[in-house]
Amino acid sequence: MTAEEHRRKIIHNDKFVEMLLGGPQQGTDFLDWIVTALYYIAVHKVDQYLASLPDPLHPGSHEERRRLVRIHLVN
């Protein structure tokens, strides 16, 4: 997935969260989905950053993503 594709996923998931939060129960009936969508927003933000590096990186698993975060984002 390219950095742009990750950006589109971030926007898509963010709109989903906004929809759930604006519902009749102000999102309280769907807290599990809100947390899930926020998690994937975070995952796509990390992947978007990794994909935008001069030598793009595309983790194939959560373990690989954690390793790449330690290398490229933590220091």
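User: Let's start with E4: what relative accessibility does E4 have, and how does E4 count on the scale from buried to exposed?

Analyst: The general idea is a three-way scale: buried is under 20% relative accessible area, exposed is over 50%, and partly exposed is in between (1.4 Å probe, protein chains only). E4 comes out at 33%, so it counts as partly exposed. Some ground rules before we go on. Residues are numbered from 1 along each chain as its sequence is written, and side-chain values use heavy atoms, with hydrogens and water left out. This is a predicted model, where local features need pLDDT of at least 70, side-chain atom pairs count only at pLDDT 80 or more, and totals for chains, interfaces and linings use all residues.

User: Okay, which residues does E4 meet in salt bridges?

Analyst: Generally speaking, side chains of opposite charge can pair when their charged atoms come close. The rule used here asks for a side-chain nitrogen of Lys or Arg within 4 Å of a carboxyl oxygen of Asp or Glu. E4 has a bridge to R7 at 2.6 Å, N to O, and another to R8, where the closest N and O atoms are 3.5 Å apart.

User: How do those partners sit along helix α1?

Analyst: A helix here is a DSSP run (H or I, at least four residues), numbered from the N terminus; strands (E) need at least two residues. R7 and E4 are three residues apart in helix α1, so about one helical turn lies between them. R8 and E4 are four residues apart in that helix, again about one turn. R7 is partly exposed at 35% relative accessible area, and R8 is partly exposed too, at 48%.

User: How many salt bridges does the whole structure have?

Analyst: The search finds four. One of them links R66 and E63, with the closest N and O atoms 3.5 Å apart. These two are three residues apart in helix α3 (residues 62-72), so they too are separated by about one helical turn. R66 is partly exposed at 46%, whereas E63 counts as exposed at 52%. Back at the other end, bridges that share partners join E4, R7 and R8 into one network.

User: Now the histidines. Is H44 buried or exposed?

Analyst: Buried, at 11% relative accessibility. H44 sits in helix α2 (residues 31-51). Its partner to look at is H6, in helix α1 (residues 3-21), which is buried at 5%.

User: What links the two side chains?

Analyst: A polar contact, 2.9 Å long. The term means a pair of N or O atoms within 3.5 Å; within protein, one must be able to donate a hydrogen and the other to accept it, and residues adjacent in sequence count only if both atoms are side-chain atoms.

User: Which residues do H44 and H6 touch beyond their sequence neighbours?

Analyst: Contact means heavy atoms within 4.5 Å. Leaving out residues up to four places away in sequence, H44 touches M1, H6, K9, I10 and N13. With that exclusion, H6 touches M1, H44, D47, Q48 and A51.

User: A51 turns up there. Where is A51, and how is it placed relative to E4?

Analyst: A51 is in helix α2 and is buried, at 10% relative accessible area. A51 and E4 are 47 residues apart in sequence, yet 8.9 Å apart in space, C-alpha to C-alpha. The contacts of A51, beyond four places in sequence, include M1, T2, A3 and H6, plus P56, L57 and H58.

User: Which rings pair up as aromatics?

Analyst: A pair of aromatic rings is described by the distance of the centres and the angle of the planes. Rings of Phe, Tyr and Trp (its six-membered ring) pair if their centres lie within 6.5 Å; planes under 30 degrees apart are stacked, over 60 edge-to-face, and the rest tilted. That rule gives one aromatic pair. It is Y39 with Y40, edge-to-face, at 5.0 Å centre to centre and 80° between the planes. Y39 is partly exposed at 39%, and Y40 is partly exposed at 39%.
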